[in-house]
Amino acid sequence: MMEHILTYIIFFPLFMAVVLGVFRAPLKFLKIGAMFSSITTLLLVLWLTYNFEPHGAMQFIQNLPWIQNSGITYFVGVDYLSLVILVLISLLMPPLYIYMVHENRKGYWYNMMLLQTGVTGAVLSLDLVLFYLFWETMLLPIFIMIGKYGNGKYQFNSMKIVLMTILGSMSMLFSILYLGYIYFETSGIWSFALNDLAGLALDAKTSIWLTAGFLLAFAIKIPLVGFHTWMAPAYGSAPTPTVVIMSAIMAKLGIYGVWRFGYGLFEATLSYYAPTIIVLALLGLLYYAVRAVTEDNLRKMFAYSSGSHLSLIALGVFLTNIYAWSGSLYFIATHALASAGMFIMIGLSYKRFKTVRISELGGIASVAPKFAFFFAFFALSIAGLPGTGGFVAELLIIIGAFKTNFWIGVFTATTMLSAMIYIFWMLQRTLFGTSTKLCECSDLNAREILMLLPLVLLLLVTGIAPSLFTPFFETQLNASLQDVLTAIGGLQ
Amino acid sequence: MIDQLLLAFPMAIVVIGAFVLMLLSHSKKFTLERLNLVGVLFLTISFVMQYQTLGAHSKDFLFEDVFGRSFILDDFATLFDLMFTAGAILTLLINNDYFKSRRYFSGEYFALLLFSVFGMMMLSHAHELVTAFIALEIASISVYALVGYHKQNKVSSEAMMKYMVLGSMTGAFFMLGTALIYGAVGSTSLTEISAYVAQGELHNMTLLIVGATFIMVTILFKIGAVPFHSWVVDVYHGAPYPVTMFMASTFKIAIFAIALRLYIVNFAPINNFWTEILQVITILTLLGGSWLAISQNIIKRMLAGSSIVHSGYLLIAISSIGLGSELAAPAVMFYLLAYFLSAAGSFGILSFIASQTKGQMSYEDFKGFAERRPYMALFMSIFMLSLAGFPSTIGFLGKFYIFTSAIESGQILLAGLGILTAFISVYYYFKLIAMMYFYPSQTSQEKFPVNVSTLLIAMMAMLIIWGGIGTSLIPFVPGADGFIDSAKQAISSLQ
C-alpha cells in the first residue's frame, strides 16, 4: 500500500474512466463513478498527508524501469511542494463534481477524470520524460473541453491554447533530450531521472540555453506577461470546471515547474534569468491589474486577476529569500482555493443570470443574499482580505520583496491596492445597484452551499491560523533555499 | 539445397501467390472477396515464416553458387520483410469494403500488389546493385499500375503518368550510378564495393562518389524529399485509397531498406562526403513538407504533405549516421516501425470511411465525426497524435530517438528545426481532431460496425499506444522496449 499509493492516486481516475467507458456506463453510473473516484482519491491523499513525514525530503518513492533502452523510468515521489498541489487537486475535484451534477453530456465527465490523472501525474513525476508525458497529456482534456463544451469563439481559442502550450513544451522537450544526452555522454548510461540529471556539471552557455527551453514552457503556462495571449480567450471560452482546474492547478504547475525543475536542475543559471523574470512579473502585476479593472466579462476579469497573482507568485519564487518563498508556496494554495471558489461562483451566476458581463449584472444582493455573501467572500479573499489565506501569503511575498530591494517591494505592494480597486468596483456594480435585467432567480441551494463551504472554511483556516500548516514545509523549504543560495553564491 | 530452398521460401511464396492470383482472376468463381483472401493467405504464410526466422539468421547468402552474393539473408532484411507483408495484409484486409464499393477493381489488383511486395522483399535482400535496381523496378512498376488503377478517372490517370514518367527517369539515375560504380570498382556486388571503399582514399574515388550520389537521387525521389517532392501530393491524391495506404505505409519504407544498407555499411567510410548535402535537403524537406501539409484542405493531401515531413525526420537521422551517431541507425528503424503503424492506420480509416461515402474527404467533412462514430474518431485521434509525436504514443518515442541521435551527432540546429516542424505538425493534425470533436453532427450516431477492417484498425490503435507506453514489466508481452530491441538487433545484424 505505502509504496504504491502514489500510483493509485495518479491512475485511479483514469482507471475509473476506462472502466466506465468500456462498459458504456449510463449517465447515472458515470456520475456516481466519477464522484467515487474523486472521493477515493481524496481519502488516499488525506491518508498520505497523515503519514507524510514533515521533515523528510522525497517520500513514497516508487521507481520502476519503464523504457529501459533509454533509461526512462516510472519515477514518482512526493515532497512538501508536490504535496501542496496534490492536496489541492484532490480537494477541488469533489466540489467540481457536485457543481457538475446536472451536467448530462458524458464527455464532460470522462474528460474531467482524465484531466485529474494528467495534472496529478505531472505534479508527482520525478523523471523528466514521465513529467513531459503528463504535461502534454493533460492538455488533451482541456483541448476537448474548451473546444466541445466552451462558448464564444471556442474552437479557435481551444486551438490557440493548445498550440501555444505545445510550443513551450516542445522547447522543454529539446532541453530534456539534450540533458539526457549530456548525462549519457558523461556517465555512459541513459537516464532522465531528476536526481541523476541534477548532478550534471554543465558549462555556462549550454546551461543558459537549456534553462531557456524549460522557462519558455513554464512562462507560457503561468503565463508571464508577453506569453499570455492565450489566457483571457481560453478562460473566457472554457466551461467552468475547466477554468477552475486551469486557474487553480495548471497555472500553478508552471510555478511548480520552475521550482522543481528550474531550481532542481539549474540552480545557478536561474539567477541569470532572475532579473528578466522579476521585471516581467512586475510588469505583469500592473498590466494584468489594469486589464482586470477595465474588463467587463467576469471570467476574463478574473483571468487577468489570476495572471496578476501568478506573476506575484513567480516574483516570489525568483526572489530567493525565505519570506518570498514561503509566501509563494502559501499563495499557491490559498490562491487556488480562492480562484476555484470565484470561478465556481461565476459559473453559478451564469447559470442563474445567463450572463457574465458586469454591465448586465447588478443588484444581486437584494435578490440572492446567500449567493451575494459567497460571491463577495471569494472575491475579497482573492483581493487579499485580512483573515483569509491570501492576505498572509501576499504579505509574506511583499516582505520578501522589500528584503531584496526597496523599489521591488514598493511595486509589489501595489498589487494589493490594485486588487482592492478592481474587486471592490466589481462588487459594487454586480451585488448592489439595480439591474436593467429583471432577475427572477433562486438563491443558493443546499447542494451549492455544501460544495462551497469546504473552500470557505479552508480559506478562513489558512488565513487565521497559518501556523497549522507551516510545520509541513518550513524545514524543507529552508533547506532547499539554502541549497539554492549556496549554488548562487558559488557562481559569484 | 533443401535448406536454401526453405530460406528462399518466404520470398518465393509471395511471387507464387501473385501468379496464382493472376490465373484465378479469370475464373468466374473467384469474386474479389475470395481473391482478397487468397492474397492474404499467401502473404500470411510468408509473414509467419519470416517471423519464425527473426533473430536466427547469420548473414547467409541465398544460393551463393548460382546467384553469387546477390541475395543476403539477415535480420535487417527479415524485419523489413515483416513490415512489407504486414503492410500488404493490412492493406488487403482493411480495404475489403472499399474493393466492393468501387466497380473498377478486378483480380489483377491483388496480383499487382503481391508482385510489388515481392519486389520490395527482393530490394531488402539485395546485396548487389543490379539486383537492387531490378527489385526496385519490379516494385515501382507494380505501384505505377496500381496508382492508375482507376482508368476512367482523370485524376488517377494523371497521377499515374506523373509518377511513372518522373519515377522512370529517376530510376535511370540509379542505373547510371550503378554503371559509374562498376566503372570504378569493377563489380556491382556490395561486398566488393565495401572492400573498395574501405581501402581507397577519398580523393581517388570520384567516380564512385558520383555514382553513389546518383543512387541517392533515386532514393531521395522515392521518399519524396524536397526538391524531388513535386509528385507526392498529386500522386497520393490521385491514387485510390488502398493504393495510397500501401504507398505511404509500405512502399516508402522499402526505399529505406536499400538506403540504410548502402549508407550504413557499404559507403560508411565516405558518408561524411554527403553530410552537408543531406543537411540542406533535410532542412528543405522539413520546411517544404510542413508548408505543403499546412496548405491542404483535403485530408489525403494533408497526409501526403506530412509524409514528406516524416521523410525529413528520417533524413535527420540518416545524416546523423554519416556523422557517426550510434543511435541513429536504430532510430531510423524504430521510426519506420512507428510511422508504418500510424500511416497505415490513418490511411486505413480514411479508406474505410471512403468505402461508404463518395467524394473527397476534406477537413469540413469530418465535422461532427466524433458524434457520428465515436470509436472511429477515437482511433483516428490516436493515429493523428502518433503522427504528431504526442507522448504516450509510439510516434513520440520515434521522434525521441531521432532527435537524440541528432543531438548526439552534434546537429543541434537540425534537432531544433525538427522539433519546430513537429510543433507545426501539431497544427494540421490537431485541426482534424478539432474538426471531429468540436462540431455537432448533422446525422445521428451510427453503430460501430464490427468486422475485420474495424478490428484491425482498433488493433493498430492499441499497438500504437502500447508501443508508446508499454513497459517490459509485464512478462511475455514486449512493450516499447521490445520494438526498440528488434530495431537494434536488425541494425546490428548489418555489421
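These are my notebook entries on a predicted model with a chain A and a chain B.

**Entry 1: confidence**

I began with the scores, and I found that the predictor gives the complex an ipTM of 0.91 and a pTM of 0.93. For chain B I noted a mean pLDDT of 88, with 98% of its residues at 70 or more. I keep in mind that where pLDDT is low, the predicted coordinates should not be read in detail.

**Entry 2: chain A as a whole**

I looked up the make-up of chain A and recorded 20 helices and two strands. Its radius of gyration is 22 Å, close to the 23 Å that the globule rule gives for 492 residues, so I wrote down chain A as being as compact as a globular protein of that length. Along the principal axes, the C-alpha trace of chain A spans about 70 × 60 × 45 Å. I then checked burial, and 58% of the 492 residues of chain A count as buried. Taking contacts in chain A between residues at least 6 apart in sequence, I found that 79% join residues at least 24 apart.

**Entry 3: chain B as a whole**

I repeated the look-up for chain B, which has 21 helices and two strands. A compact globule with 495 residues would have a radius of gyration near 23 Å, and the 22 Å of chain B agrees with that. The C-alpha trace of chain B spans about 70 × 55 × 50 Å along its principal axes, and 59% of the 495 residues of the chain count as buried. Among contacts in chain B between residues at least 6 apart in sequence, those joining residues at least 24 apart make up 80%.

**Entry 4: where the chains touch**

I asked how many residues each chain brings to the contact. Chain A gives 26 residues and chain B gives 24 residues. On the side of chain A that touches chain B, I listed strand E1 (59-67), helix H5 (128-137), helix H6 (139-149) and helix H7 (154-187) of chain A as each supplying at least two residues. Of these elements, H7(A) provides the largest share of that side, 14 residues. Sorting the side of chain A that touches chain B by class, I got 17 nonpolar, seven polar and two charged residues.

**Entry 5: a helix pair inside chain B**

Two packed helices are described by the angle between their axes and the distance between the axes. I took helix H7 (residues 129-147) and helix H12 (residues 241-266) of chain B, whose axes come within 12 Å and cross at roughly 170°. Because angles over 145 degrees count as roughly antiparallel, I entered H7(B) and H12(B) as roughly antiparallel to each other. From H7(B), the residues that meet the other helix are Ala132(B), Ala139(B), Val143(B), Leu146(B) and Val147(B). Their counterparts in H12(B) are Val243(B), Met247(B), Phe251(B), Ala254(B) and Ile258(B). By class, the residues of this contact of H7(B) with H12(B) come to 10 nonpolar, no polar and no charged.

I also stopped at Arg261(B), which is found in helix H12 of chain B. Is Arg261(B) buried or exposed? I counted 24 other C-beta atoms within 10 Å, so Arg261(B) is buried. I further noted that the C-alpha atoms of Arg261(B) and Ile45(B), which are 216 residues apart along the chain, are separated by 26 Å.

**Entry 6: backbone exceptions**

Most residues other than glycine have a negative phi, and most peptide bonds are trans. I therefore wrote down the departures from this pattern that I looked up.

In chain A, the peptide bond from Ile222(A) to Pro223(A) is cis, with omega near -15°, and Pro223(A) sits in the loop between helix H9 (204-221) and helix H10 (231-237). In chain B, the peptide bond from Val226(B) to Pro227(B) is cis, with omega near 10°, and Pro227(B) sits in the loop between helix H10 (206-223) and helix H11 (232-238).

Arg24(A) is not a glycine, yet I read a positive phi of about 45° for it. Arg24(A) is placed in the loop between helix H1 (5-22) and helix H2 (27-51) of chain A, and with 10 C-beta neighbours inside 10 Å it counts as exposed. Ser392(B), also not a glycine, has a positive phi of about 80°. Ser392(B) lies in the loop between helix H17 (374-388) and helix H18 (394-408) of chain B, and it is partly exposed, with 19 other C-beta atoms within 10 Å.

Definitions and conventions. Residues are numbered from 1 along each chain as its sequence is written. Chains are lettered from A and ligands numbered from 1 in the order in which they are written. This is a predicted model: local features need pLDDT of at least 70, side-chain atom pairs count only at pLDDT 80 or more; totals for chains, interfaces and linings use all residues. Two residues are in contact if their C-beta atoms, placed from the backbone, lie within 7 Å. Helices (H or I, at least four residues) and strands (E, at least two) are DSSP runs, numbered from the N terminus. Ala, Val, Leu, Ile, Met, Phe, Trp, Tyr, Cys and Pro count as nonpolar, Asp, Glu, Lys and Arg as charged, and the others, Gly among them, as polar. Axes are lines fitted to C-alpha atoms, for helices over the stretch in contact, and angles run from 0 to 180 degrees between N-to-C directions. Angles under 35 degrees count as roughly parallel, over 145 as roughly antiparallel, 65 to 115 as roughly perpendicular and the rest as oblique. pLDDT is the predictor's confidence in each residue, from 0 to 100. A residue is buried if 20 or more other C-beta atoms lie within 10 Å of its own, exposed if 12 or fewer, and partly exposed in between; C-beta atoms are placed from the backbone. The radius of gyration is taken over C-alpha atoms; the globule rule is 2.2 Å times the number of residues to the power 0.38.
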